[in-house]
Amino acid sequence: METPDKKPSNIADAYRRYMKLERNFTPNTLDAYMHDIEKLLNYFSRNGIDPLTAGLADLQAFAAHLHDEGVGARSQCRILSGVRTFYRFLQVDGYITDDPSELLESPQLGEHLPEVLTTAEVDRLEQAVDLTKWEGQRNKAIVEVLFSCGLRVSELVALRLSDLYLEEHFVRVVGKGRKERLVPMSDSAVKQLRLWFIDRNRMDIKPGEEDYVFLNRRGAHLTRTMILIMIKRLGNEAGITKTISPHTLRHSFATALLEGGADLRAIQTMLGHESIGTTEIYTHIDTHELRREILEHHPRNITKH
């Protein structure tokens, strides 16, 4: 068996190859994982710690360093999850025999209730779109597709004409890990897309960008940042005081389905989640409402006079 090159830079390169080829991560996910591991390796380098001989105490010191640097609890959890994945890789690939991260704990998170928009608020978002501007119909279609299909913003910007089956009211989505799923499209989403295509067909599109659904005024596909700015601006113009983002529309999609009686497994499939637990995070607002209703109306909880 070939002896692994144990220089930190070479270890990082080997880990990147593993994440790309074995885990089949998308470029965005891969960059996020590598950015977090670079934090760990830079911390070890500054403190004279060899990542291959580091123990649990060293990893706990790194976790404390993140806290001292003002990294939020949720971000700490994400980074330490990446650290555990990194050390599992080192063990499997023969760099180390024992995994020091097995007992590494993440900070406890308080309950996080993400914002959710009602259907009426989504309608207000769309009504705030200025259809006299060239991008107006495009933006209205974006809002409707995000809300009607529950796409991640990364999935939306990567959406291609060849992914759309408008006659059948389906869209093919390539999600995390390059896994494909088919998501039904509402009549409204299909209508808004068809209207956008009228404007799109008049554009000068850059070579290589012809298959992207949503384009900027220069004929190139949009970025996630462009979508974020647009959604926030529409929220302000619609008088919505909630903190919203493209992800808010995805969460609103899941919540609306649950409130409409959809099965949690069906919602999991629509969202492209590997774990049902992740879907439950999206829908816990409705779960809390259900709990409140049960506590208020169950005969064991009604006070007798």
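His 169 comes out as partly exposed, because its relative accessibility is 26% and that label covers whatever falls between buried (under 20% relative accessible area) and exposed (over 50%), using a 1.4 Å probe and protein chains only. The residue is found in the loop between β1 (164-165) and β2 (170-174); strands here are DSSP runs of E with at least two residues, helices are runs of H or I with at least four residues, and both are numbered from the N terminus. What makes His 169 a bit of an oddball is a positive phi of about 60 degrees, although it is not a glycine. As a rule, most residues other than glycine have a negative phi.

A quick word on the ground rules: this is a predicted model, where local features need pLDDT of at least 70, side-chain atom pairs count only at pLDDT 80 or more, and totals for chains, interfaces and linings use all residues. Residues are numbered from 1 along each chain as its sequence is written, and side-chain values use heavy atoms, with hydrogens and water left out.

Next come the charged pairs. A salt bridge is counted when a side-chain nitrogen of Lys or Arg sits within 4 Å of a carboxyl oxygen of Asp or Glu, and searching the whole structure turns up nine salt bridges. One of them pairs Asp 36 with Arg 78, with 3.0 Å between the closest N and O atoms. Asp 36 lies in helix α2 (residues 27-46) and Arg 78 in helix α4 (residues 73-92), so this pair ties together parts that are 42 residues apart in sequence. The two partners get different labels: Asp 36 counts as buried because its relative accessibility is 3%, while Arg 78, at 42%, counts as partly exposed.

Glu 155 has salt bridges of its own. With Arg 181, the closest N and O atoms are 2.9 Å apart. That pair links distant parts of the chain, since Arg 181 is in strand β3 and Glu 155 in helix α7 (residues 153-157), 26 residues apart. Arg 181 is buried at 9% relative accessibility, and Glu 155 is buried too, with a relative accessible area of 5%. Salt bridges with shared partners join Arg 152, Glu 155 and Arg 181 into one network. In the bridge between Arg 152 and Glu 155, the closest N and O atoms are 2.5 Å apart, and both of these residues are buried.

Now for the rings. Rings of Phe, Tyr and Trp (its six-membered ring) count as a pair if their centres lie within 6.5 Å; planes under 30 degrees apart are called stacked, over 60 edge-to-face, and the rest tilted. The whole structure holds eight aromatic pairs by this search. Among them, Phe 86 and Tyr 87 meet edge-to-face, at 5.4 Å centre to centre and with 80 degrees between the planes. Phe 86 is buried, with just 1% relative accessible area, and Tyr 87 is buried at 0%. Both belong to one aromatic cluster, together with Tyr 15, Tyr 18, Phe 89 and Tyr 95. Elsewhere, Arg 160 lies over the face of Tyr 212, at 4.2 Å from the ring centre; the rule here asks for NZ of Lys or CZ of Arg within 6 Å of the ring centre and within 35 degrees of the ring normal.

On the outside, Tyr 165, Phe 170 and Leu 182 make a nonpolar surface patch of about 260 Å². Patches take residues with over 30% relative accessible area and no salt bridge, joining like charges within 9 Å and nonpolar side chains (Val, Leu, Ile, Met, Phe, Trp, Tyr) within 5 Å; the areas come from the Shrake-Rupley method with a 1.4 Å probe, and for residues only the protein chains shown count as cover. Leu 182 lies in strand β3 (residues 180-184) and is partly exposed at 49% relative accessibility.

Tyr 165 also turns up in a C-alpha to C-alpha comparison: Val 190 is 25 residues away from Tyr 165 in sequence and 9.4 Å away in space. Val 190 is found in helix α8 (residues 187-200) and is buried at 4% relative accessible area. Leu 193 lies in helix α8 as well and is buried at 1%. Between Leu 193 and Lys 140 there are 8.8 Å in space, C-alpha to C-alpha, for 53 residues in sequence.

Finally, the cysteines. With a disulfide taken as a pair of cysteine sulfur atoms within 2.5 Å, the count comes to zero disulfides. Cys 77 is buried at 16% relative accessibility, and Cys 149 is buried at 0%.
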